[in-house]
Amino acid sequence: AAWGSVFIFNVTLTDLDADNKTVYLWIRKSGEDWKLVDSKTYVGATPGQGVNIGFELPTQCADVGYYEFKFNVTDTSGFSQEIFVVTKRDVIISVITPNVKINRAYEIKNLTIRVFDTFIGNYAPNINVSFYVYDRNGNEIIYKTKTNQTGYASFSFDPDCSFNVGLQYWKAGTSDFCYIDKNVSASINITGQLYSKIYEPKYNLTFPTGIRFNITTEIYPDCEIEKPIVNASINITVYGPKEVTACKPVYDLNNGNYTCLFDTSYKYPGYYSIEINSSKEYYDFNYSYYKDWFYIYNSPPSYENLTVTPNISAWGDVFNFSVYVNDYDLDLVNCTLEISKDKIIWNVINSTIINGKGLCSFNVTFDCSQIGINYFRFSLNDLINDVVYTEIKNFTLTKNPIRLELLTGNDSSVIR
């Protein structure tokens, strides 16, 4: 029976003599000395069938173990010997905090059980219990405590870098001499924390509009003993003065670095901020915002496909002059056609406004004063004092061909 029980010992005393008889109850643990529990005296002769002499022995936790017992009577010196056992109490252990999720970088959480004493039919206080967790090398870490007055016991688990991330198990159970050893186990999801840093571009660099450069970030965990994170999900977003741009695709370089190509074409001048979001199984989501990380400044207009059609023709014909304008800032561009005979003095022929990018084209007719080789160019002004002149090309105006026809005087006679 479990400790706390009251053991009843009975012996039948038979003695027809009228003398006094004293019955003694003795117990001992195996290998120890006998200890007297109690004695009772019976006066006079017993009936023929004898009389029952009874003893009660209350037990406590300290009595747990295997015992022998015996009786002896003083007037006869006879005795008998038997064995009885005081057992540990049984318990039922409940997990109060199953499926705990904890971030090793900054969280502490309780692992809690509750112990029920089946002998008394209630939750047991002051029972010695042990909690067991296992580090990344498989080493068992033991935390010892006691149940409180309502049978609860808790372990404040504060994992550090000695623990791997991932789904793991902990266990807890009784470790008390007075109670049967029993254990329960439950899962625990240990997560890490992701962090990011920007490798390129370096902080506070400036770029003209119209170029492309890489944005590269390293994703690393909360523990220095672990390698940078590969196979993560990464989003890189760039915040400008007037627009938000997703920088994609993002390439995994398989060494913890991730990169995307950012195009500054048609972006407004000003400061740009970078946002990096990263996620991976068994790590908590990371959001990092790098304010005003780089600066984009205004680029002068650019151009392509500078042409004149036709290149040679007679004065009075229509010449088409055109150029394709591209302003990476999407500024308004004043496109002006200029003509010169000597490439020194330039005359404005016509102008128009191009909204950021587009074809600038003029049809022009010249008089005979322009006969010969002429030169043309376009001036491109983005109205922010950035003026670009195109290359100089030539075109030629020729004399108009004529045809003479004799209308009168052919084979005619003249009287003088």
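These questions and replies set values in a predicted model against the definitions behind their names.

Me: What are the ground rules for numbering and confidence, and which atoms count?
Reply: Residues are numbered from 1 along each chain as its sequence is written, and side-chain values use heavy atoms, with hydrogens and water left out. The model is predicted, local features need pLDDT of at least 70, side-chain atom pairs count only at pLDDT 80 or more, and totals for chains, interfaces and linings use all residues.

Me: Why is the contact of D90 with K182 called a salt bridge?
Reply: The term asks for a side-chain nitrogen of Lys or Arg within 4 Å of a carboxyl oxygen of Asp or Glu. In D90 and K182 the closest N and O atoms are 2.9 Å apart. That value is within the 4 Å limit, so the name applies. The pair links distant parts of the chain, 92 residues apart. D90 is in the loop between β6 (79-86) and β7 (91-95), and K182 in the loop between β14 (166-174) and β15 (183-193). The structure holds eight salt bridges.

Me: What makes D90 and K182 partly exposed?
Reply: Their relative accessible areas decide it. Buried means under 20%, exposed means over 50%, and partly exposed is in between, with a 1.4 Å probe and protein chains only. D90 has 29% and K182 has 32%. Both values fall in between, so both residues count as partly exposed.

Me: How do you know that K197 and E218 form a salt bridge, and is each residue buried or partly exposed?
Reply: Their N to O distance is 3.5 Å, and the side chains meet in a salt bridge. K197 is in strand β16 and E218 in strand β18 (residues 212-220), 21 residues apart. K197 has 35% relative accessibility and counts as partly exposed. E218 has 11% and is buried.

Me: What makes K197 a charge over a ring?
Reply: The rule needs NZ of Lys or CZ of Arg within 6 Å of the ring centre and within 35 degrees of the ring normal. K197 lies over the face of Y220, at 5.5 Å from the ring centre. The distance is within the 6 Å limit, so that part of the rule is satisfied. R377 is handled likewise: its charged end sits over the ring of W346, 4.2 Å from its centre. R377 also forms a salt bridge with E338, at 2.8 Å between the closest N and O atoms. Both R377 and E338 are buried.

Me: Why are β16 and β21 called edge strands?
Reply: Strands are DSSP runs of E, at least two residues, numbered from the N terminus. Two strands pair if DSSP finds at least two bridges between them. The open sheet has the order β16-β18-β22-β21, with antiparallel pairing. β16 (195-200) and β21 (251-252) each have a single partner strand, so one side of each is left without a neighbour in the sheet.

Me: How do you know that the neighbours in this sheet pair?
Reply: Count the bridges. Five join β16 to β18. Seven join β18 and β22. Two join β21 to β22 (residues 257-263). The count for β21 and β22 meets the minimum of at least two, so they pair. Named partners include S196 opposite I219 in β18. I215 has C260 as its bridge partner in β22, and Y251 has T259.

Me: Why is strand β5 described as mostly covered?
Reply: Seven of the nine residues of β5 (residues 65-73) are buried. Strand β2 (residues 20-29) is joined to β5 by seven bridges and runs antiparallel to it. L25 has F71 as its bridge partner in β5.

Me: What makes F376 and F378 an edge-to-face pair?
Reply: Rings of Phe, Tyr and Trp (its six-membered ring) pair if their centres lie within 6.5 Å; planes under 30 degrees apart count as stacked, over 60 as edge-to-face and the rest as tilted. F376 and F378 are 6.4 Å centre to centre, with 90 degrees between the planes. The distance is within 6.5 Å and the angle is over 60, so the pair is edge-to-face. F376 is buried at 0% relative accessibility, and F378 is buried at 0% too. Both belong to one aromatic cluster, with F319, F321, F362, F366 and F395.

Notes:
Helices (H or I, at least four residues) and strands (E, at least two) are DSSP runs, numbered from the N terminus.
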